[in-house]
Amino acid sequence: MRKHWIDNLRWVTVLLVLLYHVIYFYNNKGVFGGIGGFSDGPQYQDVVMYILYPWFMPLLFLLAGISARYALEKHSAKEWFKARTRKLLVPGTIGLLVFHWMVGYFNTAVAAREGVFEGVPVIAKYFICAFSGIGPLWFIQLLWLLSAVILLVRALDREDKFWNWCGKAGIVTIILLGILFWAGEKTLIRNPRPESLDGLLNLYKPLFYLIPFFLGYYVFSHEEVQDKLKSAWIPLTACAVVSGAILIGTTFGQNNTSPEYLGSPLNCLYGWLACLAMLGWFQAKFDRTGAFAGYMTRSSYGIYIVHYLVIASLGYMMKMYTVLPPWAMYIILAVAVFTLSPLIYEILRRIPFVRWAVFGESSHQR
């Protein structure tokens, strides 16, 4: 029986990613990426980043781990990994050359205006733009790698003894697993060297995201564990709100993606409690589907894949070439990303080769 709450939580989180990127694009908190803010003073709309960033990507990896467990109960490891490769690795590599070079074009537009690429051959510029267009695709690239790792790990325990043991976790143990969340954040490089790949490692955070992915697979895929979260969703939500309010109230204005910030105990407490609260809340209240939910379940992945082109292109053009007030830019960009992203997806998925290269969808899929 399909768990609609997992589908609903996944696509709702994807929509929150879209909202996050609207705010992130114009942030002035020193967060890597985007085009910069509108002043050196407080931008209170940036609070959206502080609310969402500690938990929404870990939650997506956690859900991916749960889904991996369920899929591997129905399919062989070979079949599953072949499908994962098409769905994740193809868009994360070939898709860069087919579609995401356009995102890279706008990501490198400031450098181009400053003459950085003067004299660089066109073909070289194209590959630079393609690589610079990875953007949100880091998620699917890392998810493919973690999918390969989980196959190696589960091969060590073919009788599922560790998985069965994890299913005995009580609510206190589940909350205390947040210590692993904190330990994962501590793997970030504190002082990344600009001339190295340290910054890239801090972006992908493979050791950190491995933790929620594995916890999803081994712990939260159990019905018994899910039922415990469902029963406790109200106190978990209250604790998440309180810890989040304290975190934001005491740290607003800091770079909320820096290793120091992410590794703080309060950030980790809030991030973990928020993940647990969302899992419990959606089980309790949103374990159903309908026409819109069904469409979003099928389409949210594709919407995620294409949405940043809308952010990067329109966000850049408004900031550089208009005199619109900031509030108007936010509204226009938000409306655009929530309307144009599904439209772009629906157009591209109807083009056979593009459908495969950009979304990893075979010709018979819908």
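A crossing of two helices is called right-handed if the near helix is turned clockwise from the far one by less than a right angle, and left-handed if anticlockwise. Keep that in mind for the first exercise, and remember that the model you're looking at is predicted.

**Exercise 1. Work out how helix 7 and helix 12 sit against each other.**

Step 1: Find the two helices. Helix 7 covers residues 138-154 and helix 12 covers residues 206-218.

Step 2: Look at the axes. They come within 10 Å and cross at roughly 55°.

Step 3: Name the arrangement. Roughly parallel needs an angle under 35 degrees, and roughly perpendicular needs 65 to 115. The pair fits neither, so helix 7 and helix 12 are oblique to each other.

Step 4: Add the handedness. Helix 7 passes helix 12 in a right-handed crossing.

Step 5: See who makes the contact. From helix 7, the residues include Trp138, Leu142, Ile150 and Arg154, while helix 12 brings in Tyr209, Phe213 and Tyr218, among others. Sorted by class, the contact has 14 nonpolar, 1 polar and 1 charged residues.

**Exercise 2. Count the disulfides, then explain the result for cysteine 239 and cysteine 275.**

Step 1: Recall the idea. A disulfide is a covalent bond between the sulfur atoms of two cysteines.

Step 2: Count. There are 0 disulfides in the structure.

Step 3: Check cysteine 239. Its closest cysteine sulfur belongs to cysteine 275 and is 15 Å away, which is too far for a bond, because the cut-off is 2.5 Å.

Step 4: Check cysteine 275. Here the closest cysteine sulfur is in cysteine 268, at 11 Å, so again it's too far for a bond.

Step 5: Look at accessibility too. Cysteine 239 is partly exposed, at 43% relative accessibility, whereas cysteine 275 is buried, at 0%.

**Exercise 3. Is serine 300 buried or exposed, and which residues does it touch?**

Step 1: Locate serine 300. You'll find it in helix 17, residues 291-321.

Step 2: Use the cut-off. Buried means under 20% relative accessible area. Serine 300 has 4%, so it's buried.

Step 3: List its contacts. Leaving out residues up to four places away in sequence, serine 300 touches Trp11 and Val14.

**Exercise 4. Describe the surroundings of glycine 167.**

Step 1: Locate glycine 167. It lies in the loop between helix 8 (161-166) and helix 9 (171-176).

Step 2: Judge its accessibility. At 11%, glycine 167 counts as buried.

Step 3: Find its partners. Setting aside residues up to four places away in sequence, glycine 167 touches His222, Glu224 and Val225.

Step 4: Try a distance. Glycine 167 and leucine 16 are 151 residues apart along the chain, and their C-alpha atoms are separated by 30 Å.

Definitions and conventions
Residues numbered from 1 in each chain as written. Predicted model: local features only at pLDDT ≥ 70, side-chain atom pairs only at ≥ 80, totals over all residues. Heavy atoms only, no water. Axes fitted to C-alpha atoms, helices over the stretch in contact; angles between N-to-C directions. Helix = DSSP H or I, 4+ residues; strand = E, 2+ residues; numbered from the N terminus. Parallel < 35°, antiparallel > 145°, perpendicular 65-115°, else oblique. Contact = heavy atoms within 4.5 Å. Nonpolar A, V, L, I, M, F, W, Y, C, P; charged D, E, K, R; others polar. Buried < 20%, exposed > 50% of the residue type's maximum accessible area, 1.4 Å probe, protein only.
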